[in-house]
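Trainee: Could you take me through the empty space inside this one? I'd like a close look at the cavity lining.

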Amino acid sequence: MFFDRARIYTKAGDGGNGVVAFRREKFVPRGGPAGGNGGKGGDVIFEVDPGQNTLASFHGQVHYRAERGVHGSGANKTGARGPDLIVPVPPGTIVRDAETGAQLADLTREGQRAVIAQGGRGGRGNAAFKTPRSNAPRIAEKGETGQEFWLELELKLVADVGIIGVPNAGKSTLLSVVSSATPKIAAYPFTTVAPMLGVALVNDPQHLPIVLADIPGLLEGAHEGVGLGLDFLRHIERTRMLVHVLNGDSPDPLGDFEAINQELRLFNPMLVDRPQLVAFNKMDLPHAREKWPEVQSALAEQGIEALAISAATRENVDQLLYRVRAMLDALPAIEEPIADDYLDVGMPLDEKSFAIEQVDDETWVVSGIDIERAAQMTNWDYYEAALRFQRILRAMGIAEALREGGIQEGDTVRIGETELIWGYDNAYE
């Protein structure tokens, strides 16, 4: 089967925890704090692998988790960073957030990378909290939780030329004679049920290869899902030009031509402007050869270039490839994607903003990136860490906002997965 859609789960590594430790060398009294920081968690990175052309591997494995960072240790030793998880994807992979539908990355060229889920930062050890007023802090942070997403992957094949036409027009036969691809060929419609790529070499000075994509036959109503159209029309969007194969054995080749172009127009109006070369196929059949002058004349009146070929006998196939090469060379150069090794798919810009919601008479929910991160990284086993979190609530204006909202002593405050009991004396208990 040809897999061009997948749904997967990605989880970046959590950061390592910071530690509370003190120097204990002989003859060094009051050596001071020496707790090291935790290491950063590993990222989940998608990288384009030109050796892949489907998303089949994502149907065998759904969960992708990077490793967490190593915890810090004494003597100010920082934990090792968790190794990144590199996930290979085929060229043309689009990555979307399954929950919001937002596009996170569009990976098209060899070696292009995108950081899909960022690893959590390591928690700080007590050495990082030393101040002139606090020479021996007993406080350390937990590692930050790594990002996690359910993702939807969609593949749009990357090819120079898309071969389109009605079922049984001879598209697969054409691909098989111009390249080493071996599509299934038979004398009945819908022999091809999945797109297939082939590489053709033209005997020109530059010897540039042409990548062709054989698109399964389209029917009227393909843009609405009739036949296999809705599944595979999107693969045409990546191509630079189209070769429209007309079935010379059809009762109405011109009607087929108009019907397919209408489906392209309804699916994506931009496809109408895609350069298109018409190949009138099956000239080895006498009745097809009789139709050719009429078809050629009708297409010429519309300003459409057409060649008569026989994919089965290779008649004019080389001339078709030369013309395709010339048309590709005349097209504007493709703009290369951003050349950065990494594309970070983005934390929201306003991380310090917060929202407060009273869900019932005694429960309040505080949401926001920074405050939820602070609550998650606070190690509540240390009293000084709880005091520090109170200062964070005051500094961000959250404590004041809760009081203005009418919070009462003894109410529950929920921040992420942390629940606190509010008290007037110390903000919470």
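**Inside the cavities**

Mentor: Start with the walls: the residues lining the largest cavity split into eight nonpolar, no polar and no charged. For that split, Ala, Val, Leu, Ile, Met, Phe, Trp, Tyr, Cys and Pro count as nonpolar, Asp, Glu, Lys and Arg as charged, and the others, Gly among them, as polar. Keep in mind that this is a predicted model, where local features need pLDDT of at least 70 and side-chain atom pairs count only at pLDDT 80 or more, while totals for chains, interfaces and linings use all residues. Residues are numbered from 1 along each chain as its sequence is written, and side-chain values use heavy atoms, with hydrogens and water left out.

So who makes up that lining? It's I163, L174, V178, L212, V243, L320, L321 and V324. Two elements, α2 (171-178) and α6 (317-330), each give two or more residues to it, and α6 gives the most, with three. Helices here are DSSP runs (H or I, at least four residues), numbered from the N terminus, and strands are runs of E, at least two.

The volume of this largest cavity is about 50 Å³. A cavity is a set of points on a 1 Å grid over the protein atoms alone where a 1.4 Å probe fits but cannot get out, and lining residues have an atom within 4 Å of a point. Grid points are joined across faces, edges and corners, and the volume is the space filled by probe spheres set on the points.

Searching the whole structure turns up two cavities of 30 Å³ or more. The second largest comes in at about 30 Å³, and I139, A140, E141, M377, T378, N379, A385 and R388 line it. That lining divides into four nonpolar, two polar and two charged.

How far can you trust the model? The protein chain averages a pLDDT of 84, and 86% of the residues score at least 70; pLDDT is the predictor's confidence in each residue, from 0 to 100. Two stretches deserve caution. Over residues 183-193 pLDDT stays under 50, and the model has 28 contacts for them beyond four places in sequence, a contact being heavy atoms within 4.5 Å. Residues 219-230 also stay under 50, with 25 such contacts. Where pLDDT is low, the predicted coordinates should not be read in detail.

How values were computed: 1 Å grid on protein atoms, 1.4 Å probe; cavity = no way out; pocket = protein on both sides within 12 Å on 5 of 7 lines; lining within 4 Å.
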